[in-house]
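Thanks for coming, everyone. I'll take this one quickly, starting with a cysteine and ending with a pocket.

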Amino acid sequence: MPEQQPPYLRIADELRRRIAEHEWEPGDRLPSRAQIGQECGVGENVVRRAQELLISQGVLEGRAGSGTYVAEPRQRVRVVRSSAREQGGASPFRADMKALGKHGDWESRTEAKVPAPAEIAARLGVAEGDLCVRTVYEFLADGRPVQMSTSWEPYDLTGGTLVVLPEGGPHAGAGVVNRMAQIGVTISHAVEQPEPRQATAEEASLLGIQKASLVTHIRRTYYSDQGRPVETADIVVPAALCEIVYEVPINR
């Protein structure tokens, strides 16, 4: 006998159907949870879970003290993941935004000589507490945040060089591949591990999304041709704002 669908998923499907059939239009306020629950034969907690799911997916939006509304449709920004696109001098993010008719930019803040936490140390192949350069990025499309990233580089690799600050000096903003080339380090490949999860309260605040919204968390690490990890980053992409596309080069 097939496993029954959890009640909150059934209610979420019902709410999606009503929106798709234009019973509620973007900007409309939904009936109360008690009313929806009575119509569907479930409790208010089930309706709450269904609405929270749809809020995390960008279908609904909650307004404090006002209720739950059908979200206005937003064009999702295409984020292309491709190591080959870093070879040129221009920013791949700015190129992607320009193709969508948007202005792409980013804000960053860097701290040098930050002790590596255990997980970051393991990813960089260094000892816990070894000094790193940490840079936090917020990527903007027409001034609105669409992606964030925290990057870590071993200080013993770039310390004392012109590329020690990713967003400072003569090679500011050139990207990991091009910056490392300036100090004789050739990057051979990158490894990315994407996984879905819910946004933390801090991420939701910075990205302008609902708390617990769905995001894709990408753990990326660049490796030199000697096999050394030279940079690792945690990239957070909101599912409701962006679609992720992987560009895979074909070697012939």
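**Cysteines first**

Cys-242 has a relative accessibility of 2%, so it counts as buried, the cut-off being under 20%. Cys-132 goes to 0%, and it counts as buried too. How many disulfides does the structure hold? Zero. One reminder before I go on: this is a predicted model.

Now the overall picture. The chain has 252 residues, and 39% of them are buried. Its secondary structure comes to eight helices and 10 strands. The C-alpha trace spans about 65 × 45 × 40 Å along the principal axes. What about contacts along the sequence? Take the contacts between residues at least 6 apart. Of these, 58% join residues at least 24 apart.

Next, helix H2. This helix covers residues 33-40. Which of its residues are buried? They are Ile-36, Gly-37 and Cys-40. Look down the axis of H2: those buried residues fall within an arc of 100°, so they line one face of the helix. What do they pack against? The buried residues of H2 pack against H1 and H3. After H2 comes Gly-41, with a positive phi near 75°.

That brings me to backbone angles. Most residues other than glycine have a negative phi. Two residues here are worth a look. His-22 is not a glycine, yet its phi is positive, near 65°. Where is His-22 found? It sits in the loop between H1 and H2. Is His-22 buried or exposed? His-22 is exposed: its relative accessible area is 54%, and the cut-off is over 50%.

The other one is Lys-113. Its phi is positive as well, about 60°, and it is not a glycine. Lys-113 has its place in strand S4. With a relative accessible area of 48%, Lys-113 falls between the two cut-offs, so it is partly exposed.

Stay on strand S4, which runs over residues 104-115. Ser-108 lies in that strand. Ser-108 is partly exposed, at 35% relative accessible area. Which residues does Ser-108 touch, leaving out those up to four places away in sequence? Thr-135, Val-136, Tyr-137 and Glu-167. Then there is Thr-150. Ser-108 and Thr-150 are 42 residues apart in sequence. In space, they are 9.4 Å apart, C-alpha to C-alpha.

Last topic: the second largest pocket. Its volume is about 570 Å³. The lining comprises 28 residues. Which of them are closest to the pocket's centre? Gly-58, Val-59, Ala-71, Glu-72 and Ala-240. Which elements give two or more residues to the lining? Helix H1, residues 7-20, is one of them. Helix H3, residues 44-56, is another. Strand S1, residues 60-63, completes the list. We met H1 and H3 a moment ago, as the helices that the buried residues of H2 pack against. By class, the lining has 16 nonpolar residues, seven polar and five charged.

To recap. Cys-132 and Cys-242 both count as buried, and the structure holds zero disulfides. H2 has its buried residues along one face. His-22 and Lys-113 have positive phi values. The second largest pocket draws on H1, H3 and S1 for its lining. Over to you for questions.

Definitions and conventions
Residues are numbered from 1 along each chain as its sequence is written. This is a predicted model: local features need pLDDT of at least 70, side-chain atom pairs count only at pLDDT 80 or more; totals for chains, interfaces and linings use all residues. Side-chain values use heavy atoms; hydrogens and water are left out. On a 1 Å grid over the protein atoms alone, a cavity is a set of points where a 1.4 Å probe fits but cannot get out, and a pocket is an open set with protein on both sides within 12 Å along at least five of seven lines; lining residues have an atom within 4 Å of a point. Grid points are joined across faces, edges and corners, and a volume is the space filled by probe spheres set on the points. Helices (H or I, at least four residues) and strands (E, at least two) are DSSP runs, numbered from the N terminus. Ala, Val, Leu, Ile, Met, Phe, Trp, Tyr, Cys and Pro count as nonpolar, Asp, Glu, Lys and Arg as charged, and the others, Gly among them, as polar. A disulfide is a pair of cysteine sulfur atoms within 2.5 Å. Buried means under 20% relative accessible area, exposed over 50%, partly exposed in between (1.4 Å probe, protein chains only). Contact means heavy atoms within 4.5 Å. The arc is that of the directions from the helix axis to the C-beta atoms.
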